[in-house]
Amino acid sequence: QIRKLTKRMIRHSNLSPEPGCSTDLTPSQLKVILTAINPSSPSNCFKEERMRVRNYVLILLALETFARRSELVLLETTDLDLGFQPTVTIKKPSAVSQLKRRDGASMKTRGRVIPISLDLASALRYYIDHIRDDFLVPKRPTTALFLSARDGRRIAAMTFNHILKKVAQIPEIKQLGTRI
């Protein structure tokens with residue numbers, strides 16, 4: 001009986017509250033968010049310049065491509081074409097990378113090519129040319145686009161959640177009263 005009660009208590013404690021309905025962000029709300037997370041903004045909540053730029057580019061890419069977070073973290077530098085008509089290629093993961101994923105989210109990914117704006121291409125080019133190398137760890141090369149500050153490896157999808165939670169706490173964004 002104690003084991004049953006313990007299991008039931010654990011199951012009950014793990015229940016989350018009902019999720020609120022998602023709503024589209026208005027252009028004015030998007031402008032507030034992008035202004036607040038701009039790397040040169042004094043209200044940006046990230047201390048290091050490299051983190052500010054990486055997170056800004058990551059959020060810009062998410063907003064413009066509507067890619068899922070697991071698709072964003074699986075992007076490689078070779079998936080970008082930043083030429084005259086810039087695009088991002090989201091590839092269907094290989095069988096090996098699907099087996100490595102703990103949550104199996106990559107199983108939902110379908111390959112596609114997404115056109116992006118010249119502004120986003122410029123931000124990505126700046127990130128790759130000037131910032132990304134600061135995340136690399138010697139003797140551990142990687143082609144992942146977004147790298148962890150801790151170990152120089154690919155960031156996890158949960159890292160993106162942590163970034164969004166921290167961004168949501170910026171006073172200007174908190175005043176919007178909307179879920180990002």
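Helices are taken here as DSSP runs of H or I with at least four residues, and strands as runs of E with at least two, each numbered from the N terminus. On this basis the protein, a predicted model, contains eight helices and three strands. From the N terminus the elements follow the order α-α-α-α-β-β-α-β-α-α-α. Of the 180 residues, 36% are buried. Among contacts between residues at least 6 apart in sequence, 59% connect residues at least 24 apart. The accessible surface amounts to about 12100 Å², and carbon and sulfur atoms account for 57% of this area.

The three strands form an open sheet in the order S1-S2-S3, with antiparallel pairing. Strand S1 (80-81) and strand S3 (112-115) are the edge strands, each pairing on one side only. In general, the strands of a sheet pair through backbone hydrogen bonds, in either a parallel or an antiparallel sense. Two bridges connect S1 with strand S2 (residues 87-90) in the antiparallel sense. In this pairing, Leu 80 faces Val 88 of S2, and Asp 81 is opposite Thr 87 of S2. The connection from S1 to S2 is a hairpin of five residues. On the other pairing, S2 and S3 run antiparallel and are joined by four bridges; Ile 90 has Arg 112 in S3 as its bridge partner.

Five salt bridges were found in a search of the whole structure. Arg 50 and Glu 48 form one through their side chains, with an N to O distance of 2.8 Å. Arg 50 counts as buried because its relative accessibility is 17%, under the 20% limit. Glu 48, with a relative accessible area of 40%, is partly exposed.

A salt bridge with an N to O distance of 2.5 Å joins the side chains of Arg 154 and Glu 76. This pair links distant parts of the chain, 78 residues apart: Arg 154 belongs to the loop between H6 and H7, and Glu 76 to the loop between helix H4 (69-73) and S1. Arg 154 is partly exposed at 30% relative accessibility, whereas Glu 76 is buried at 13%.

The side chains of Asp 79 and Lys 91 also meet in a salt bridge, at 2.9 Å from N to O. Here too the pair links distant parts of the chain, with Asp 79 in the loop between H4 and S1 and Lys 91 in the loop between S2 and helix H5 (95-100), 12 residues apart. Asp 79 is buried, having a relative accessible area of 4%, while Lys 91 is partly exposed at 44%. In addition, Arg 68, Glu 71 and Arg 112 are joined into one network by salt bridges that share partners. Arg 112 of this network is also the bridge partner of Ile 90 in the sheet.

Arg 132 was examined separately. This residue is located in the loop between helix H6 (118-131) and helix H7 (157-168). Arg 132 is buried but has no salt bridge. Its nearest side chain of opposite charge is that of Asp 133, 4.4 Å away, and a salt bridge requires a nitrogen to oxygen distance within 4 Å, so this pair does not qualify. Leaving aside residues up to four places away in sequence, Arg 132 is in contact with Thr 77, Tyr 127, Thr 142, Thr 143, Ala 144, Leu 145 and Leu 147.

Terms used. Residues numbered from 1 in each chain as written. Predicted model: local features only at pLDDT ≥ 70, side-chain atom pairs only at ≥ 80, totals over all residues. Heavy atoms only, no water. Buried < 20%, exposed > 50% of the residue type's maximum accessible area, 1.4 Å probe, protein only. Lys, Arg positive; Asp, Glu negative; His and termini not counted. Contact = heavy atoms within 4.5 Å. Pairing = 2+ DSSP bridges. Areas by Shrake-Rupley, 256 points an atom, 1.4 Å probe, with all protein chains shown as cover.
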